[in-house]
Each structure stands twice: as structure tokens, then as C-alpha cells.
Amino acid sequence: MLELRDVVATYGAVRALDGVSLSVTDGAITAVLGANGAGKTTLLRTVNGLVRPASGSIKYAGRDLVAAPVEQVVTFGLAHVPEGRGVITELTVEENLRLGGLWRGNRKESADSLGTVYEMFPPLADRRTQPADTLSGGERQMLAIGRALMSRPTLLLLDEPSLGLAPRVTAQIMATLRRLSREQGMTVVLVEQNARSALSVADVAVVLNLGRIVAQGNADELAADEKLRHAYLGF
Amino acid sequence: MSGLAAMGRRWLRLPTLVRHLVVALVGLGVLLAISEALSEYRNTQLAEIAYTVCAVAGLTLLTGLSGQISLGNGAFMFVGAYTVALLLKHHPFGGITGYQSNWWLVPVLILAVLVAAAVGGLVGVAAARLRGPYLAGITLALAIGLPSLPKYQHLQSQLGGHAGIPISAPAPPGSIDYFRWQAWICLIAMVITLFLLANLASSRVGRAFKAVRDDEISASLAGLPVARIQILAFVVSAAAAGLAGGLFGLISLDAGPDSFPLSLSLGLLAAAVFGGLGSLPGAVYGAILITLLPQWATDLSHQVSLSSKIVNNLPLLVYGAALMLAMLAVPFGLQGLLRRGWHQVRDWRRRDGLAPG
Amino acid sequence: MNFLNDVIYGAANGVIYAAFALALVLIWRSTRIVNFSQGGMLMFTTFIGWELVQRHGVNYWVGLAVAIIAGLLLGAIVERLLVRPVENGPPLNAVIVTLGLLLVLQAVAGMIWGNGLSSYAPRFSLNYYHVGHRVILFSPDYLFIVIAVLVVLVALFVLFQLSPLGLRMRASAFNPEVARLLGVRVGRMLTLGWALAAGVGALAGVLIAGTAPNYMNPNGFDELLILGFTAAVIGGLDSPVGAVVGGVIVGVALQVLDDYVSNDIDPFFIFALLLVILMIRPNGIFARRTVRRV
């Protein structure tokens, strides 16, 4: 279980996270929603170690994430799908994917995972030797997710996967996430500005505003709460 | 205390131009008085410091204000020195043998400045298209390449080949000591240079330099002609270096291809960086440092008997260490340290209620 | 025949510039810094080899090996102590730090070995080959240099394109943050990149020092820095193969200029060459995409 307790993160005088406590249920999809600047991305960055919280604790499966170096977090079973251009455009599709499995240092497992990813995202298999900068936005997002899966994670963190994608592509991505959760029991934390599509797949949701959690609960209930939708979710 | 503060406020209300003029005139007076009190040898050092200040001030404006690095300003000094040498060779003003009047110095040095500025403009056109390491690389090549030109076989008769061209010294008017007169020429040139550069830096042009340095894209969006501003910065910097080179020629009495090695250009950069990039007072400290350093090294060797290998390389070691230290430990240079120290003192005084807020 | 010899001789020299350019390219790839101290670093490690071989009668190959190991260590130390603090700052700071290091290395070398000229004996003969009665401006030692540089190039290709370590190094250079999230120890990769570059540089230094008498001098490699930089720029600073092609282009161009115009002013020709190249393509002739400015 991923557990955040009283996490405060600051950029200079700005408190991007102002005492966030959150328990993420194993095997479920948790959507983190909120407007631009609500602290959603900062939340993910404190979990994977790119931002060090000023105070508070973050634990995953009993391990202290606050003390762990960024490079080590992947070995705890966390995989991060960064926002937008998180693929390394100078490398080929396959190099990007191989990079994701490198830390295991096991060629056999790596080859197996590669096969699984290509099965899941056939367009990537067609373009395995092409540089990633030739991919479309949707393909890049597939590549970023595929690369994260190469590390065989138990917890997948995604930062705005729908950003800049056509609705149809977004729907595909969301369906993939649901499959990962249902079929493989993967825990998914999905940061999204696009609340409607995130709530369509999420089991639970958390709404952030100005660095604080203003609502949390079952995704269906939050989606039904009209006042909340108007105030924070924009639909 | 409050009388002083009131005077200070009135001083700050004066137009910048007037303030700079007052500082320049007072400074020149003080410097000439100092020169009067110094020995022949010290006066030569003063002259060296003065022309080095010109070159460093030009460079600090270029790199600090407009954000363009140059590892090749020694090449503009080369241009200045050779311009003076060639002018005197072909037109020895001399009918004025004995050099009764020294006024010929003015057009000769102005021409040195103009020719160097023109070369600087050409380099600047190329530089305006280049960034970061590419700009550093091309100016480095300039520093090594340009001073090798006199060795070209078909130019040897004009440019003197390896031996260079001798320059005849300006004879002092009246009973002024020879070395003191040299120092005076350089000091006057230095004060004029600093005065002009200080006004340029605080003018609209100076602000345009900074805008281009800070963010080229917003500067061009704001309607500033970025490339032209960058070229202008090179022209100004080359002009100052050309003057320095001309003075250097007058003091060292010749212009030779080996007088402008890469280490000269890098020494200028070291001085500008150590004094604090973009700061004219910093250029003065930096120039003093790199001029006196070789001297200190020699003095040291007399006290502690060091081998000549060590002594000869000591200045280079200090330049290099200064460059690295300045970037790693004191990123704003000496002037930055002083300024921070001054702010600290002022804050303390404010907190203690000693100075009016 | 004369022109053919120009090309052969120029290309052979160009391979030397290429070896230097390779070291620059490796560092640019890993840290987006042009290492202006490269000439100083390889001068220093070459002096270490020279000290062993010429002064203490040590075997040529042992001297070469020690120089390369010294290069690897020097590169790693320089990256850790001097480059790391300025790596993410403005590019100007990194340029100034490497220039400072150049001066310090030259000063220290001068203090230890003096500023005179000395020779580093080449391993193989510098006598030209003959074909019939014709002289070919190519010698066994240059053949050795060409082979050594090609071997380095192939080794680098295998390392970067085919090995997991190379993939990690490339990922660290292109996108350090993403690389870290994927478990790559980016800091180590950057140190390794500098060490590798300095090792290649050290090899280049020993090879070059043998090609002419009196090469050994604290300033002896200054001109080479500009030549190597020009070669690397032609290749777009990013590509090892481009660096080698660039080196050969520079070598041949310089030789032709020497032969048909004048051999007095090589430094000026190099400046002119670099200027022309940068004016045609400000980011290098073979550069595919514009270079990111940090």
C-alpha cells in the first residue's frame, strides 16, 4: 500500500502540497484530480523522489520513499509515466523500452516483457527501430506506458496521460489502464486534469485544490456530486 | 551622519552623465597625482595596468552585459597594435622628429580603435549567429589565428614577419619624465574609456545588451534588433581592446606576432571573470590582478628560492585557478563580493537604526 | 600525384585531429559541455607517458597504457570535482571552468617538466612508403594511428549502440530525469563519460606526440584543440563517425591550403575554415537537429 502522511512540499514561498494524507488501495485505480496548479504533479514527484517533501512521510510496501534516492525507487516496484514528452526522443522505440527493464539485469525477463508490451501495443512493434521522435502523440504515450511496464511494476504512476491526445486515443489508454488493474492486479495512480475520462476508469478519486485534499471517495460518488464537479472538476 | 546622507541623496539625484564625469575627472586627477609620486618602474606598471583595464572593461561589457563570450579579445589588441605600428611606419609624423608635439597620438589611437572596431564588427556578424560553445570555439580560433597573419610570406615585408614592426616612442613634452608620460597617456585613455563605457552601460543601449543577454526571444519579441545589438557589443568590445593594443604598442615599442598569445586572451577573460562579469570597477581590480601577478611571482621567487620553472608558470596557475574558483566559489566575482558585503553592512546599520531608511 | 599525396598526408593528419575530436564529442554527448581543457588533459597524460618512456626507459606500450589509465582517472576526477557543480548552470560557466583547468594543467606541467621542447619517440617508423620510385606520404606510424583510431571508433560504436551500459549513458545524456526514474545512476554515467573521453584523449595524445619531433611542450597541443574542435563541429559535435569524417576533411583542407597557398599561417587557415563551416551551418554540417540550449 502507498501511504502519504501530512506531506508538505514547497517551492520557495509557495506550498505546493499543504499537508496531504492519502492511502492508495492496492489493486485499484486511484484518480488524482484538480485544476492546474492544484499540486497534482507535485504529489507524484514527491512519491518518486524528484521532489523532497519539507515534512511528512511517504511509504510504499513498508519502504520509506522519502529517504530513497530517485534511482532506487524503481526497484521497489514503482514505475512512473512522466507527463507529455517523457519518452527519450533521441532513442529508438525499442531502446526506450529496453531502458525500462535494464535495472533488473535479466535478459530473459526483459525479452519476455518486451514481447508482452509489443502485444499490448502493436503500433510500437511496427516501429521498433525508429527514433521515438517520429511517433505520434498517442504512440508516445503508449511507449511511455510500455516502458514503465518493462520494469514489471506493482504500482504505476501516470502524469496526465490524456494531455494533448484525441478523445479516441485517450479512451484506448484508459481502457489499457483498466485492463492492467483488473487482469494483473496492478495498483494505478492516475493524475489527470481530464476528470471525466479519469473518473470513467477510476475506482477511487481524490480532488486536490491549492495543495490540500478537498474531497475523496468512490469515483462514482464524486462523479455524481454536481457541486464538486462545478467547483473543481470543470464538467 | 544625516548631513552626509543628505549629500549622498543629492549626489544620486544628479544626472548619470554628470556623476560619471565628476568621478572621471576626480579619478584622473588622483591617478595623475599618484603617478607623480611613483618611481619610473612603478609608472611603467601603472601604464600596463591602465591599458589592460581598457581591454578588460571592453570584454566585461561584452560577456557580462550582452552575454557573449569571447576568448579572442587579444586578437583585437593585435589589430590595434599593428594599426599604430603601420601608421607610424608609413607616416612617421615626423616631420615631427623629436616629437615636439604629442597631438599625433590622438588620431593614431583613434584609428587603432576604428580599425579594431571594424574587425570586431566582422567577427560580431559571425558571432551573432553563434551561441555557447560554438562562439567560444570561433573566438578561440580567432585568438590563435589572427596574430599568425604577419608570418604569411607575402605579408612579411609589410607586417615584419616574426620580428614584428618597431614603434617609436612618444617623446614627453617639456620636462616630464619619459615613463611618467607613458603612464599619463595610458591613464587618460583608460579614464576616457571607462567614462564612455560606463555611460554606454547605463544608457538605453546598455539595457538592450542586458535584455538580449537575459532572454533573446523576449528581447526580439519586444522589438529589439537582437543581432544588431550583439554585433554592436562586439564592436564596442573590440574598440576598447584595439585602444589597449595601440597603447601596448606604444609602451612596448613594437608590434610582434608573438606578443598576443592565447594566454593573453584567456588572461583578459580571467580578469573580467574574477572582477565580476559586467562590472567596470571589477574590470579595474581584475586588470590590476593580472598585471601585477607575474611581478608578485618573481618577487616571491627572490624571497623563497624557487626554480624558474615554477616561477614562470605561477601566474598561469593563478589565472586558471582564478577562473575556476570564480565559477565554483564566487560566481559574481570580487565586485559581487564587495557589493554583497556593502549590502550586509547597510542592512546591519538599518536594523540598528543608524541610517535613515 | 602531388594532389593525391596531399590527400593522403592530409587525411592521415586528419585522423589525428579526429582522435582529439572524438574525446570532445564523447563529453558533449554525455554532458553538453565542450571540454576546452581537453588539450591540457591529454598534454598532461602524454607527459606522464613521456616521463616513463623517455626518461625511465619503460616499454612504449606500458607508457601508453599508463597514460590511458591516467586519462581515465583524470577525466573522472575532473567531472566529479569541477564539472559537476556547473553542469546545470549557464553554459558560460562550464566553458570558463574548463578554460581555467586548461591553464592550471599547462602551468602544473610547466612546473614539473619545464617549458622547453622535447620529443616522444614514435613506436613505428615515420619513413614514407615507396611505390616504385614514387614516394607516398604515409608511414608505418601513421598506419598504426589510423588503425588505432578505427579500433577506438568500432569499440565506441559497440559500447554505445549495442551494450546496456551504452544505452544507460545515452539515456543519461539525453534526458537525465527520465533516466533516473528508470533506475539509471545518472551521476555515475556522466563520470564514466568524462573518464572514457579523457582515456580516448590520452591515447590520442601519445599517438600525436610521436608524429613530429619536439612536440612535447605544455602549449604543444593548443593548435590541436582548435583543429579537433573544428573537426567535431563539422560532425555536429554529437556523432563519433562525424568527428572522424570531420577530422579527415580538416586535415585534407589544411594540407591543400598549405601546399597551394602558404604553410606559414596554419592557425589563420584553421580560423578561416571554422568560420566558413559555422557560417554555412551554425550547428555543424552533419548536425541533424538543432542543438538544445541548456
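**Note on a sheet of chain A and the contact between chains B and C**

1. In this predicted model, chain A holds an open sheet of 6 strands with mixed pairing, in the order S6-S7-S8-S3-S9-S10; helices (H or I, at least four residues) and strands (E, at least two) are DSSP runs, numbered from the N terminus, and two strands pair if DSSP finds at least two bridges between them. Strand S6 (78-81) and strand S10 (212-218) of chain A stand at the edges with a single partner strand each, so one side of each has no neighbour in the sheet.

2. Within this sheet, strand S3 (residues 29-33) and strand S8 (residues 187-191) of chain A pair in the parallel sense over 4 bridges, and Thr30(A) stands opposite Val189(A) in S8(A).

3. Helix H10 (residues 226-233) of chain A lies across S3, strand S9 (204-209) and S10 of chain A, and runs at about 50° to S9(A); axes are lines fitted to C-alpha atoms, for helices over the stretch in contact, and angles run from 0 to 180 degrees between N-to-C directions.

4. Between the other two chains, 39 residues of chain B are in contact with 42 residues of chain C, contact meaning that the C-beta atoms, placed from the backbone, lie within 7 Å. To the side of chain B that touches chain C, H14(B) gives the most, with 13 residues.

5. Residues are numbered from 1 along each chain as its sequence is written, and chains are lettered from A and ligands numbered from 1 in the order in which they are written. Local features need pLDDT of at least 70 and side-chain atom pairs count only at pLDDT 80 or more, whereas totals for chains, interfaces and linings use all residues.
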